Amino acid sequence: MSEKKLAIIATKGTLDWAYPPFILASTAAALGYQVQIFFTFYGLQLVRKEMDLQVSPLGNPGMPMPMAMDKWFPVLGTAIPGMQRIMTIMMKSKMKSKGVASVEELRELCLEADVKMVGCQMTVDLFDFTHDNFIDGLEYGGAATFFEFAGESDITLYI
Amino acid sequence: MADFDQELDASGLNCPLPILRAKKTLAGMDTGQVLRIVATDPGSVKDFEAFSKQTGNELMDSGEEGGKFVFRIKKG
């Protein structure tokens, strides 16, 4: 049985957007796929050694807020300093109570399952990061590196 | 005699953890052995069907017991 391949581009660096690439990659690996994730722009936040991912209610009308706050809370209120931190804490505790894995745990499961992770070198330079900022085992490359794997993949996702 | 060789309690875990734990447990078992999985995630019912179709591990049965979802998977 030839191995199926999944290629993902991860471009977002918030807590909520960290889930799709890691959930899909770890599950695909469990189903026998060979998986590669290419992290570019804000997606690089997902491969930092210490992740400090936040979720923002600002400009996000789809986000259910506790105590029906979204019904009576002025939109401007979501921009109050500290609101993002509070919403992130609430989101994390809700996830924990529902048995949803942490992003750290899912990333670890991906690494254990040999999901190959590639960081966009151009973005590393752009934001003045160094390779020390990122997890061990992260490889670096550009668009051509992505296509080398994506070109022979069965599924490619842009997240 | 129990009708399974190993048991995995995935109660309280949400997608995709029950699948990932099952995969990990199956990896340590022999072909033909049976894994019993207990889960509370309603999504796992469809997911374990899909998992066994795609991995060649046979889903022998799936059902509900005391409000929990129970599966038996034979390692292929």
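# Exercises on a two-chain model

Of the 76 residues of chain B, 30% count as buried. Keep in mind that you're looking at a predicted model.

**Exercise 1.** Work out which pattern of helices and strands chain B follows along its sequence.

*Solution.* Start by tallying the elements: chain B has 2 helices and 4 strands. Now walk along the sequence, and you get β-α-β-α-β-β. Next, check the overall build. The radius of gyration of chain B is 11 Å, close to the 11 Å that the globule rule gives for 76 residues, so chain B is as compact as a globular protein of that length. Its C-alpha trace spans about 30 × 30 × 20 Å along the principal axes. Finally, take the contacts in chain B with a separation of 6 or more: 58% of them come from residues 24 or more positions apart.

**Exercise 2.** Find the order of the strands in the sheet of chain B, then place the helices on it.

*Solution.* Step one: the 4 strands line up as β1-β2-β4-β3 in an open sheet with mixed pairing. Step two: look at the edges. β1 and β3 (58-65) of chain B each have a single partner strand, so one side of each is left without a neighbour in the sheet. On average, neighbouring strands here are turned by 15 degrees against each other, direction ignored.

Step three: zoom in on one pair. β1(B) and β2(B) run parallel and are joined by 5 bridges. For instance, E7(B) has R36(B) in β2(B) as its bridge partner.

Step four: add the helices. α1(B) packs on the sheet by touching β1, β2 and β4 of chain B, and its direction makes about 160 degrees with that of β1(B). α2(B) also packs on the sheet, touching β2, β3 and β4 of chain B, at about 170 degrees to the direction of β3(B).

**Exercise 3.** Describe the side of chain B that touches chain A, and say which element supplies its largest share.

*Solution.* Count first: 11 residues of chain B are in contact with 11 residues of chain A. On the chain B side, α1 (17-27) and α2 (44-55) each supply at least two residues. The largest share, 4 residues, comes from α1(B). Sorted by class, this side has 6 nonpolar, 4 polar and 1 charged residues.

Now look closer at α1(B). Its buried residues are L17(B), P18(B), I19(B), L20(B), A22(B), K23(B) and L26(B). What covers them? The cover includes α1 and α4 (103-112) of chain A, along with β1 (6-10), β2 (34-39), α2 and β4 (68-74) of chain B.

**Exercise 4.** Switch to chain A: trace its 5-stranded sheet and name the edge strands.

*Solution.* The order is β4-β3-β2-β1-β5 in an open sheet with parallel pairing. The edge strands are β4 (139-141) and β5 (155-158), each pairing on one side only. Neighbouring strands are turned by 20 degrees on average, direction ignored. Between β3 (residues 116-120) and β4(A), which run parallel, there are 3 bridges, and V118(A) stands opposite E139(A) in β4(A). Then lay helix α6 (residues 143-150) of chain A across β1, β2, β3, β4 and β5 of chain A, at about 155 degrees to β1(A).

**Exercise 5.** Which residues have the most contacts inside the largest nonpolar core?

*Solution.* That core has 50 residues, and the ones with the most contacts inside it are I8(A), A25(A), A29(A), V35(A), I37(A), F39(A) and I37(B). Helix α1 (residues 15-30) of chain A gives the largest share, 9 residues. Take V35(A) as a case: leaving out residues up to four places away in sequence, V35(A) touches L6(A), A25(A), A28(A), A29(A), V115(A) and K116(A).

Note on methods: Residues numbered from 1 in each chain as written. Chains lettered and ligands numbered in written order. Predicted model: local features only at pLDDT ≥ 70, side-chain atom pairs only at ≥ 80, totals over all residues. Contact = placed C-beta atoms within 7 Å. Nonpolar A, V, L, I, M, F, W, Y, C, P; charged D, E, K, R; others polar. Pairing = 2+ DSSP bridges. Axes fitted to C-alpha atoms, helices over the stretch in contact; angles between N-to-C directions. Core = buried A, V, L, I, M, F, W, Y, C linked by C-beta atoms within 7 Å. Buried ≥ 20, exposed ≤ 12 C-beta atoms within 10 Å, placed from the backbone. Rg over C-alpha atoms; globule rule 2.2 N^0.38 Å.
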